[in-house]
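Look over the chain below. The report starts with confidence, then moves to the inside, the surface and two loops.

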Amino acid sequence: MTHRALIKKLFILACIGFATQSEALVVLQQITVPFGAEYDSNTNLSADNEESIWRYTSTPTYTISAVEDQNKWFSSLGLRLQRSSNKKISVDREDPILTVGWERELERGSFKLFGNYEKNSIRAVELKRTGLVDTDGDETTKSISAEWLRLLTERLSFTLGGKILKTRYSVGDNVDYTNYGLDSTLGYKLNEKVNTFAKVNYLKYKPDANFDDINSQNYIGGLNVDVSPRLSLLAGAGWSHLSTYGNTFIANTDFKYTFDKHMLNGNLERFVDAGNGYNQRSERFALTYLYQLNDKSKISSNFSYQKNSFLAASQTLGILGGNKIMNLSGIYTRDLSERWTMNLTAGLIRQKEEKQDSANAEIAGIAFIYNTPQF
């Protein structure tokens, strides 16, 4: 089945579900059309052969949601259209994005079911995931996931979730694979400000090619603290076990601070990932700041630094290699009218691979977003 046929089938099923119950439903629809231009000084992040391009992108998106009693259905269909000034460096793209979901409120919890289909640039996805610039081709993902939440007592809750994700590549050395995931969380509310949790996650990475399957388990404990109405904190730590490597320490901390017109978010984490025949360990720090200038405009800045290490098949063999990548960006947003918004962006990407020179890219762009009122 082609991706167009799959998208059409899923979307028709969602619309039929809405239509068959339309008399009893509250239905909301909206259309969003962003479009803009972006300059990239070094798309391939080459240290000695920089080539710049212009990208022109638009992603028209249609969303529909419906609510009836304890049920909520929603669907979103978009098409990411991109044109490049140099197709040898960055090919033109037409990437579909489809999400379909259902949520039901239960007497003491909830149940959620989601389906997703998406096509992306391999280069863009791998740069974010591994810090490496890969072949400019297509990464297509299909996934279905479910989540069940049960309130066991007034203070104790249990969540169980599962996900199947299939990923396919059109070109390059990346290996097609399927992920099977299962996760559970036990939460306990100590008081109005402090919630504790214990998580156990299992993931099976199954490549289509001649690579061994990789099984991983994560064990994490931590807490959420609402220090004040303006400040909230999260902290968790534990370990991850990879069948092809062994045990490694993982952790995650978050904070969010709001004050009048200011908002500051931060995240520091250490995590592991398995795929494409290797194990990856990453340390990442991210910081986001937003300032509301007035009722129509705001400015924001984003900073992230990530260090990636590619691990051998066992701890005794050590680290195979790695890289570091830094992103810094600033955004000015202004509401031009009730339906129109403008974004101005500027950013810097810096990448450093082991035993190689650093590579930099400067990015600047402008975008306009049109939103219809909900109807």
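Confidence in the chain is lowest in helix α1 (residues 3–20), with a mean of 52. It is highest in strand β2 (residues 53–58), at 96. The score is pLDDT, the predictor's confidence in each residue, from 0 to 100. The chain averages 88, and 90% of the residues score at least 70. Where pLDDT is low, the predicted coordinates should not be read in detail.

This is a predicted model: local features need pLDDT of at least 70, side-chain atom pairs count only at pLDDT 80 or more, and totals for chains, interfaces and linings use all residues. Residues are numbered from 1 along each chain as its sequence is written, and side-chain values use heavy atoms, without hydrogens and water.

Now the inside. The largest nonpolar core has 12 residues, including Ile 122, Tyr 169, Val 272 and Leu 311. Another core, of 7 residues, lies apart from it; Leu 45 and Ile 363 are among them. Such a core is a set of buried Ala, Val, Leu, Ile, Met, Phe, Trp, Tyr and Cys residues joined through side-chain atoms within 4.5 Å. Buried means under 20% relative accessible area, exposed over 50%, partly exposed in between (1.4 Å probe, protein chains only).

Next, strand β7 (residues 138–151). Trp 148 is found there. Trp 148 is partly exposed, at a relative accessible area of 33%.

Two loop residues other than glycine have a positive phi.

| Residue | Loop between | Phi | Relative accessibility |
|---|---|---|---|
| Asp 69 | β3 (61–68) and β4 (71–84) | near 55 degrees | 68%, exposed |
| Asp 260 | β13 (246–259) and β14 (262–275) | near 50 degrees | 62%, exposed |

Helices (H or I, at least four residues) and strands (E, at least two) are DSSP runs, numbered from the N terminus.
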